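Colleague: Could you walk me through this model? I have some questions ready.

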Amino acid sequence: MTVRILALVGSLRAGSHNRQLAEAAVKLAPEGAEVDLFEGLADIPFYNEDIDVEGDVPAAAARLREAAGSADAILLFSPEYNGTIPAVLKNAIDWLSRPFGASGLKDKPLAVVGTAYGQYGGVWAQDEARKAAGIAGAKVLEDIKLSIAGSVVRFAETHPSDDAEVAAQLTEVISRIHGEATAPVAA
């Protein structure tokens, strides 16, 4: 059985190190795991209950919900903007939190990783993303963490998939998510 892991990147910049980290996850996914990098977070309008109408949900938001609904697990890649989660990632979580009680995140294993320029690698943003996703109904994998500091220097000339330490850590993250997604559900 292949475990489908939906990857959402909290940076819209084409050369984003978090996007590169997500690309590395796609490339490094071990056998039995498939990481699908979602394209289109920039097209999703800010969450507004007035436009979240059954049968008339904005197409980009509907695509996101469909992708999350068909995934076995979710992997968020979060940079840190002003000490917190980027708006685009928070917006995705907001859209996925609905409909209440039956969201695309409900009970799905979810981990948050990322890289940032600062010395802590974006841990505040990752903590905020875990908090928001947990409130939205995801089964947050609190013990799966990867915060890579100094992204601008570390990845100036090296793609994350070519950094042996990062590649090993990211492969371990995906393997652990795979394990959580295939673990028997406790009764």
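What follows is a friendly exchange about the sheet, two of its loops and one helix.

Modeller: Happy to help, and please keep in mind that this is a predicted model.

Colleague: Let's start with the sheet: what is the order of its strands?

Modeller: The sheet is open, has 5 strands and pairs them in parallel. From one strand to the next, the twist averages 20 degrees. The order is β2-β1-β3-β4-β5.

Colleague: Which strands stand at the edges?

Modeller: Look for strands with a single partner, because one side of each is then left without a neighbour in the sheet. That description fits residues 33-37 and residues 139-148. The edge strands are therefore β2 and β5.

Colleague: In β3, which residue is the bridge partner of Leu 6?

Modeller: Strand β1 covers residues 3-9, and 5 bridges join it to β3. The two strands run parallel. Within β3, the partner of Leu 6 is Ile 74.

Colleague: And in β4, what is the bridge partner of Phe 77?

Modeller: β3 and β4 also pair in the parallel sense, over 4 bridges. Phe 77 has its bridge partner in β4, and that partner is Val 113.

Colleague: At about how many degrees to β1 does α3 run?

Modeller: Helix α3 lies across two strands, β1 and β3. Its angle to β1 is about 135 degrees.

Colleague: How many residues of β4 are buried?

Modeller: Consider both faces of the strand. Pro 109, Ala 111, Val 113 and Thr 115 point one way, while Leu 110, Val 112 and Gly 114 point the other way, and all are buried. The count for β4 is thus 7 of its 7 residues.

Colleague: Which backbone oxygen does the side chain of Thr 115 reach?

Modeller: Thr 115 is found in strand β4, and it counts as buried because its relative accessibility is 2%. Its contacts include His 17, Leu 21, Gly 121 and Phe 155. At 2.7 Å, its side chain reaches the backbone oxygen of Ile 148.

Colleague: Is Ser 78 buried or exposed?

Modeller: Ser 78 lies in the loop between β3 and α3. It touches residues including Asn 18, Pro 86, Leu 89 and Thr 115. Its relative accessibility is 0%, so Ser 78 counts as buried.

Colleague: What is the relative accessible area of Thr 158?

Modeller: Thr 158 has its place in the loop between α5 and α6. Between Thr 158 and Asp 36 there are 22 Å in space, C-alpha to C-alpha, and the two are 122 residues apart in sequence. Thr 158 is partly exposed, and its relative accessible area is 29%.

Colleague: How far apart are the end C-alpha atoms of helix α6?

Modeller: Helix α6 has 19 residues, 164-182. At 1.5 Å a residue, α6 should span 27 Å. The model agrees with that expectation, because the end C-alpha atoms are apart by 27 Å.

Colleague: How many degrees of arc do the buried residues of α6 cover around the axis?

Modeller: The buried residues of α6 are Val 166, Ala 167, Leu 170, Val 173, Ile 174, Ile 177 and His 178. They are on the same side of α6, because the arc they cover around the axis is only 135 degrees.

Colleague: One last point: at the start of α6, which backbone nitrogen does a side-chain oxygen of Asp 163 reach?

Modeller: The Asp 163 oxygen comes to within 3.1 Å of its partner at the start of α6. That partner is the backbone nitrogen of Glu 165.

Conventions
Residues are numbered from 1 along each chain as its sequence is written. This is a predicted model: local features need pLDDT of at least 70, side-chain atom pairs count only at pLDDT 80 or more; totals for chains, interfaces and linings use all residues. Side-chain values use heavy atoms; hydrogens and water are left out. The expected span of a helix is 1.5 Å times one less than its number of residues. Buried means under 20% relative accessible area, exposed over 50%, partly exposed in between (1.4 Å probe, protein chains only). The arc is that of the directions from the helix axis to the C-beta atoms. A polar contact is a pair of N or O atoms within 3.5 Å; within protein, one must be able to donate a hydrogen and the other to accept it, and residues adjacent in sequence count only if both atoms are side-chain atoms. Contact means heavy atoms within 4.5 Å. Two strands pair if DSSP finds at least two bridges between them. Axes are lines fitted to C-alpha atoms, for helices over the stretch in contact, and angles run from 0 to 180 degrees between N-to-C directions. Lists of a residue's contacts leave out its neighbours within four places in sequence.
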